[in-house]
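These exercises are to be worked with the sequence and the 3D structure at hand. Try each task before reading its solution.

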Amino acid sequence: MERNLLNILELPDQPRKIVRRSLMMNRSASKFLLNIYQNVLSNNTTTSNNEEYGNMEEFNFSDRYINIIDRSDLIMTFGAHNPHSGNASKMNRGRRIWFDVSEISIREHIIAAELRLYQSLSKGVELRKAYIIAIYIVAQMKYENRKKLYIDSTSTMTDKSGWIILNVTQALEYWVKHPKKNRGLYLAVYRDDYTGRVIRPDDIGIVGVSGVSDKQPFMVGFFKSSDIHRKYGTLSKQKRDIKFQNDYTNSINIKDNPFVNLVMKKQRKNICSIRKLYISFKELQWENWIIAPDGYDAYYCSGECTFPMNTHMNATNHAIVQTLVHLVKPYEVPKPCCVPTKLSPISVVYFLDESNIVLKKYKNMVIDSCGCH
């Protein structure tokens, strides 16, 4: 069972044990995904501790942002690393940061990617001063011949606090296509008129890799799977015309059949319906790496498809005809089956490793309704 569930989650093995889970949970990237999970993607099929996930305002979730989340099958956050590569950290007082994106499959279509930086109110800095924060791809790092490619920039004020968002989609696409050329990003801060030398990000309150855990920089990518998945053939609920059953019953003289009369007089208590089934990740001992939910209500369909079929059975026309023929020829034609007629997805947040965290949507995981097919 565990192996099959891991296959559904598209994981070859469980991620290795997260030693510092409690510390990881307090990091900005973890809180970001949990915020999306709770405030944007949560539904009644999941169980969670709502209080620990924060609110939408903290990470600036606009309507456009929610639209990107809805389009995504996979959302992955990447913890920032300090490259510590000799003179690389002295690039004109700017800051280099690096992200491990090796787990991204080339088959995943990148919808968007962004770098999130937190700016806190910095003491000793003149207020109401405007600055430009620019981000570059580090394309070359050999001796003094350094090459940087401009990606994006945004303006800020020294009396501002909160998350700053920069578009790094181009950088992530480049790294996925050329993984050996991933040398990270270079962050530079200039005066708004670009006069004078580059200012250290710390001087205007930009929190670094070693800063407060829930304010550390991180990158987030939004992906759409390129694989063509066969959609589950759900059937919309339709109101069945009882007259159809009555007319068909009369046309084949079912009421004159003594066997049919006997069957129809029996009490049918076990009618096709949705039944309770809860999958607990804790019982699988996956709580170490699955952050949310603790489990989910999967449900299952069970019961008989008996004649006459009412609207609660969500029966297809074919199932109705098959049931009628079964009444006449019970040993030749079986009854229709009680199966799911509508399924919905769940979202799961889990640690990929101690740097990267994933929020993934899994289709067709929860039964919403059952019917006779």
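**Exercise 1.** Is Cys370 buried or exposed?

Solution. The structure is a predicted model, in which local features need pLDDT of at least 70 and side-chain atom pairs count only at pLDDT 80 or more, while totals for chains, interfaces and linings use all residues. Residues are numbered from 1 along each chain as its sequence is written, and side-chain values use heavy atoms, with hydrogens and water left out.

Step 1. Recall the cut-offs: buried means under 20% relative accessible area, exposed over 50%, and partly exposed in between (1.4 Å probe, protein chains only).

Step 2. Cys370 has 6% relative accessibility, so Cys370 counts as buried.

**Exercise 2.** Find the bonding partner of Cys370 and describe the link.

Solution. Step 1. A disulfide is a pair of cysteine sulfur atoms within 2.5 Å. The sulfur atoms of Cys301 and Cys370 are 2.0 Å apart, and the two form a disulfide.

Step 2. The torsion about this S-S bond of Cys301 and Cys370 is about -85°, so the disulfide is left-handed.

Step 3. Cys301 lies in strand 13 (residues 300–302) and Cys370 in strand 15 (residues 356–372), so the pair ties together parts that are 69 residues apart in sequence. Strands (E, at least two residues) and helices (H or I, at least four) are DSSP runs, numbered from the N terminus.

Step 4. Cys301 counts as buried because its relative accessibility is 15%.

**Exercise 3.** Describe the other disulfides and give the overall pattern.

Solution. Step 1. The structure holds three disulfides. One of them joins Cys272 to Cys338, with an S to S distance of 2.1 Å. Its torsion is about 75°, so the link of Cys272 and Cys338 is right-handed.

Step 2. Cys305 is joined to Cys372, S to S 2.2 Å. This link is left-handed, with -100° about the S-S bond. Cys305 lies in the loop between strand 13 and helix 8 (317–328) and Cys372 in strand 15, so the pair ties together parts 67 residues apart in sequence.

Step 3. Cys305 is buried, with a relative accessible area of 1%, and Cys372 is buried at 0%.

Step 4. With bonded cysteines counted along the chain, the pattern is 1-4, 2-5, 3-6.

**Exercise 4.** Why does the sulfur of Cys337 form no bond with the closest cysteine sulfur?

Solution. Step 1. The closest cysteine sulfur is that of Cys305, 7.2 Å away, which is too far for a bond.

Step 2. Cys337 has 48% relative accessibility and counts as partly exposed.

**Exercise 5.** What is the strand order of the open sheet of seven strands?

Solution. Step 1. The order is 6-3-8-1-15-14-11, with antiparallel pairing. Two strands pair if DSSP finds at least two bridges between them.

Step 2. Strand 6 (162–167) and strand 11 (290–292) stand at the edges with a single partner strand each, so one side of each has no neighbour in the sheet.

Step 3. Strand 1 (residues 74–79) runs antiparallel to strand 15, and five bridges join them. Within strand 15, Leu359 stands opposite Ile75.
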